[in-house]
Amino acid sequence: MAVKIYVVFYSTYGHVAKLAEEIKKGAASVEGVEVKIWQVPEILSEEVLGKMGAPPKTDVPIITPQELAEADGILFGFPTRFGMMASQMKAFFDATGGLWREQSLAGKPAGLFFSTGTQGGGQETTPLTAVTQLTHHGMVFVPVGYTFGAKIFDMESVHGGSAYGAGTFAGDGSRWPTELELEHAFHQGKYFAGIAKKLKGGSA
């Protein structure tokens, strides 16, 4: 039976969505792994989003909290708001109380990826503060660590990402994930899928 990985994200301007697509590709490159990508519900009105200059949402299906229980492993992606996850993702986690009562997510591996505006904007604090959500569900946090190798230490170009997961800098919104950041995302998906496969009892 295939190992089922869910990539669940929230993206205001599309930067996190771009990382999510690469993570999906990376996870899908592992034999015996089935990957599905989802987005969480938007909580802002169309009027507010319009004033923010946010583009229309992609056609990626919207997930309900209960559907998380179907996955063998989940990667969550979101932009930062003052060093923590965006309220849209927090609202989604707040709606998982039923899963918590049933312990439906306990023991499942989980990973994180993210987008921040600047280099000091939360590439570590955003995932670090998000780990509390996984902890209360009893999920197994799978950081990417430094498995990406020498590229994570590259000092020739500005790039997001950390030992916690893949990341990108959005700047004023006009900067898109670089080739290096997308490679990191692909690697995280592949690495995470391998871990999830091992935890389910297969061999990566």
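Of the 204 residues in this protein chain, 48% count as buried. Keep in mind that you're looking at a predicted model.

What order do the elements follow from the N terminus on? They run β-α-β-α-β-β-α-α-β-α-β-β-α, which adds up to 6 helices and 7 strands. The radius of gyration is 16 Å, close to the 17 Å from the globule rule for 204 residues, so the chain is as compact as a globular protein of that length. Along the principal axes, its C-alpha atoms fill a box of roughly 45 × 40 × 30 Å.

Contacts reach a long way along the sequence, too: among those with a separation of 6 or more, 74% join residues 24 or more positions apart.

On the outside, the protein chain exposes about 9600 Å², with carbon and sulfur atoms supplying 58% of that. As for charge, there are 17 positive and 20 negative ones, and their mean positions sit 5 Å apart.

Now for the aromatics. Searching the whole structure turns up 3 aromatic pairs, including these two:

| Pair | Centre to centre | Angle between planes | Type |
|---|---|---|---|
| F76 and F93 | 4.9 Å | 50° | tilted |
| Y146 and F153 | 5.4 Å | 10° | stacked |

The F76 and F93 pair links distant parts of the chain: F76 belongs to strand β3 (residues 73-81) and F93 to helix α3 (residues 87-94), 17 residues apart. Both F76 and F93 are buried.

Is F153, from the stacked pair, buried or exposed? Its relative accessibility is 51%, so F153 counts as exposed, given that the cut-off for exposed is over 50%.

How values were computed: Residues numbered from 1 in each chain as written. Predicted model: local features only at pLDDT ≥ 70, side-chain atom pairs only at ≥ 80, totals over all residues. Heavy atoms only, no water. Helix = DSSP H or I, 4+ residues; strand = E, 2+ residues; numbered from the N terminus. Rg over C-alpha atoms; globule rule 2.2 N^0.38 Å. Buried < 20%, exposed > 50% of the residue type's maximum accessible area, 1.4 Å probe, protein only. Contact = heavy atoms within 4.5 Å. Areas by Shrake-Rupley, 256 points an atom, 1.4 Å probe, with all protein chains shown as cover. Lys, Arg positive; Asp, Glu negative; His and termini not counted. Charge placed at Lys NZ, Arg CZ, Asp CG, Glu CD. Phe/Tyr/Trp six-rings, centres within 6.5 Å; stacked < 30°, edge-to-face > 60°.
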